[in-house]
Amino acid sequence: MSEAKRPGGPIATRPLHFFWVIDCSGSMSQDGKIQAVNNAAREALPHMRSAAEENPNAQVFIRILRFGSTPDWATREAEELESFQWPSLEADLGLTSFDRALAELETHFHSPPMPDRQLPPVVVLMSDGMNTDPYQKELRSFLNTPWGGRSVRVAIAIGRDANRATLQDFINNPEIIPLEANNPEALVRFIRWASTEPLKAASSGAAPAGAQTQPNANVVLPPPPAATNTGSDVW
Amino acid sequence: MKIIWHTLAASVRGRTHSRRDLPNQDSFQVYSGSTDLAVVSVADGHGATDYMRSAAGADFAAKAGKAALIDYLMVNAPSIEGRHVDLAFHRRLAGDRLPREIHRTWRQAVEDHLKEEPLTPAEEAAAERLTSAVSLYGTTLLSVLAGQDFIVYAQIGDGDILVVDDDQQVRRPIPTDPRLIGNETTSLATKNAWGDFYTIIEPVLYGPPAMVLVATDGYSNSFESADAFSQAALDIKAHLDLHGREWVEANLDSWLNETSELGSGDDTTLGLLWRQPTAKDHIEIHQAEA
């Protein structure tokens with residue numbers, strides 16, 4: 001050991017796992033919705049990287065879970081944000097089984113595989129429709145995992161037919177409501193917010209567990225951008 | 001044979017707070033004025049945005065921990081040669097009394113501060129979100145007292161206490177709290193915080209620790225693994241043996257800065273308690289006698 005070498009073994013930044021959970025059921029192929037998601041996500045990526053650079057001690061990893069009749073990972077494994085390229089998602093997964101998506105998501109929120117020293121994971125859920133099967137049991141199971149209940153969860157309702165109650169259940173925090181995107185411009189705005197602010201919030205400091213009245217209050221999010229009425233709602 | 005304890009501590013502001021122009025929200029206190037005992041007390045003010053007075057809270061906590069431990073020992077267990085120490089009695093008494101005394105002292109300091117420094121409008125809004133003004137001062141606390149008969153470890157919230165024994169084994173005297181995942185921590189600011197303390201008393205008669213490391217979580221969160229963190233304790237002990245106190249003290253700030261900068265980015269505070277004579281002291285004694 002050289003004279004003044006820092007004590008201890010290897011040092012590392014803290015992982016932050018960012019999950020996109022995207023409805024890829026058949027209805028998302030209508031009116032350009034899935035293309036709008038792909039375009040908005042690609043446009044948001046540079047901003048996401050900037051947000052990550054402001055928090056250099058968090059190493060951000062991205063995963064995308066598509067869901068429809070069955071869940072399907074669009075990313076084979078967690079990819080580092082620096083080199084991540086958004087894939088061209090397609091809406092070809094049939095109906096909307098949110099329960100199966102939650103069950104699949106849950107498998108990744110135990111410790112292991114989640115590392116103990118990571119920052120709270122972020123989950124952004126996007127959907128345009130209704131769940132075709134009950135999901136409450138799977139949602140409770142997900143929220144009861146060590147990292148599921150502690151994750152930062154936001155949701156974007158794509159179009160007026162999206163089931164806001166389901167999205168609100170997923171968020172499980174009355175202080176945060178689903179963002180409503182009824183046109184591509186709003187989707188761009190909300191995806192940009194959802195890809196940056198939860199990441200910054202999850203990288204912020206510690207807070208007492210359960211001290212506040214709201215669940216998931218260990219991470220506080222700033223308010224999202226206002227939904228402006230452009231008069232051109234498409235969905 | 002009398003045990004001579006030594007202490008050393010340092011604290012650095014993390015890059016995350018530097019970038020946001022926030023102060024270091026950690027604090028520490030050490031005591032080794034008497035050769036009978038030594039105390040290290042470190043605290044980590046909560047870093048989430050609403051905890052606007054957590055730096056002050058950490059300062060009050062470190063002081064409350066140090067004072068309560070010293071008072072407890074002086075009143076209940078002064079070291080008297082030949083006197084039997086009832087460890088079971090102290091485990092019961094200290095386990096109940098110390099957390100309550102620390103919490104009471106801390107709350108009093110917070111309330112006095114609130115009277116001297118009323119809340120600003122922004123702080124009032126934060127206090128409403130957190131449900132109380134006291135919450136603004138939220139902090140963890142880790143305090144260790146090493147005496148002639150026993151060692152007391154007291155902890156609320158995240159952070160780490162590692163013991164290095166003479167046989168180079170590293171262990172945790174306080175079990176890991178399963179509630180502390182991600183950025184969540186227990187806190188002195190909660191109403192019945194004394195119930196969230198872990199208080200452990202160990203005898204020193206047979207096998208006192210060679211060194212105790214007390215750190216806020218910015219330190220352990222910087223290491224890739226638990227083993228990498230344990231290695232830090234072993235390396236520091238080796239440095240104390242080989243180079244002595246002054247050399248370690250001269251390098252401690254730069255070690256903490258490097259660790260935090262490349263690792264967690266968090267404020268990082270490290271306190272050390274170790275037993276004399278160290279191996280270096282033995283060498284110096286023998287050289288002086290030669």
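Here are some notes on the contacts between chains A and B and on a few spots inside chain B, all from a predicted model.

1. Start with the interface. On the chain B side 44 residues are in contact with chain A, which brings 38 residues of its own. The area buried between the two chains is about 3,400 Å², and carbon and sulfur atoms give 53% of that. Three residues are worth finding on screen: B:Ile181, B:Asn183 and B:Glu184 supply 20% of the area that chain B buries against chain A, more than any other three residues.

2. Next, the polar side of the interface. There are 16 residue pairs in polar contact between chain B and chain A, counting pairs with both residues at pLDDT 80 or more. The side of chain B that touches chain A divides into 13 nonpolar, 20 polar and eleven charged residues. Two salt bridges run between the chains. In one salt bridge, A:Arg150 joins B:Glu184, with the closest N and O atoms 3.0 Å apart.

3. B:Glu184 comes up again in the strands. Strand β8 of chain A (residues 207–208) pairs with β8(B) in the parallel sense, over two bridges. In this pairing A:Ala207 stands opposite B:Glu184.

4. Now look at helix α6 of chain B (residues 226–243), where B:Phe229 sits. Is B:Phe229 buried or exposed? It counts as buried because its relative accessible area is just 3%, and the cut-off for buried is under 20%. Beyond its neighbours within four places in sequence, B:Phe229 is in contact with seven residues: B:Asp160, B:Leu162, B:Arg172, B:Leu213, B:Tyr219, B:Ser220 and B:Phe223. B:Tyr219 is ten residues away along the chain, and its C-alpha atom is 8.2 Å from that of B:Phe229.

5. The same helix α6 of chain B holds B:Lys237 and B:Asp241, four residues apart, about one turn of the helix. They form a salt bridge, with the closest N and O atoms 2.7 Å apart. Both B:Lys237 and B:Asp241 are buried.

6. For another pair with that spacing, go to helix α3 of chain B (residues 87–116), where B:Asp96 and B:Arg100 lie four residues apart. Their side chains meet in a salt bridge at 3.1 Å, N to O. B:Asp96 is partly exposed, at 42% relative accessible area, and B:Arg100 is partly exposed at 37%.

7. A last pair in chain B is B:Asp177 with B:Arg179, a salt bridge at 2.7 Å between the closest N and O atoms. B:Asp177 is buried at 6%, whereas B:Arg179 is partly exposed at 34%. Over all chains, the structure has 22 salt bridges.

Key:
Residues numbered from 1 in each chain as written. Chains lettered and ligands numbered in written order. Predicted model: local features only at pLDDT ≥ 70, side-chain atom pairs only at ≥ 80, totals over all residues. Heavy atoms only, no water. Buried < 20%, exposed > 50% of the residue type's maximum accessible area, 1.4 Å probe, protein only. Contact = heavy atoms within 4.5 Å. Buried area = accessible area lost by both parts, 1.4 Å probe. Salt bridge = Lys/Arg side-chain N within 4 Å of Asp/Glu carboxyl O. Polar contact = N/O pair within 3.5 Å; in protein donor to acceptor, adjacent residues only side chain to side chain. Nonpolar A, V, L, I, M, F, W, Y, C, P; charged D, E, K, R; others polar. Pairing = 2+ DSSP bridges.
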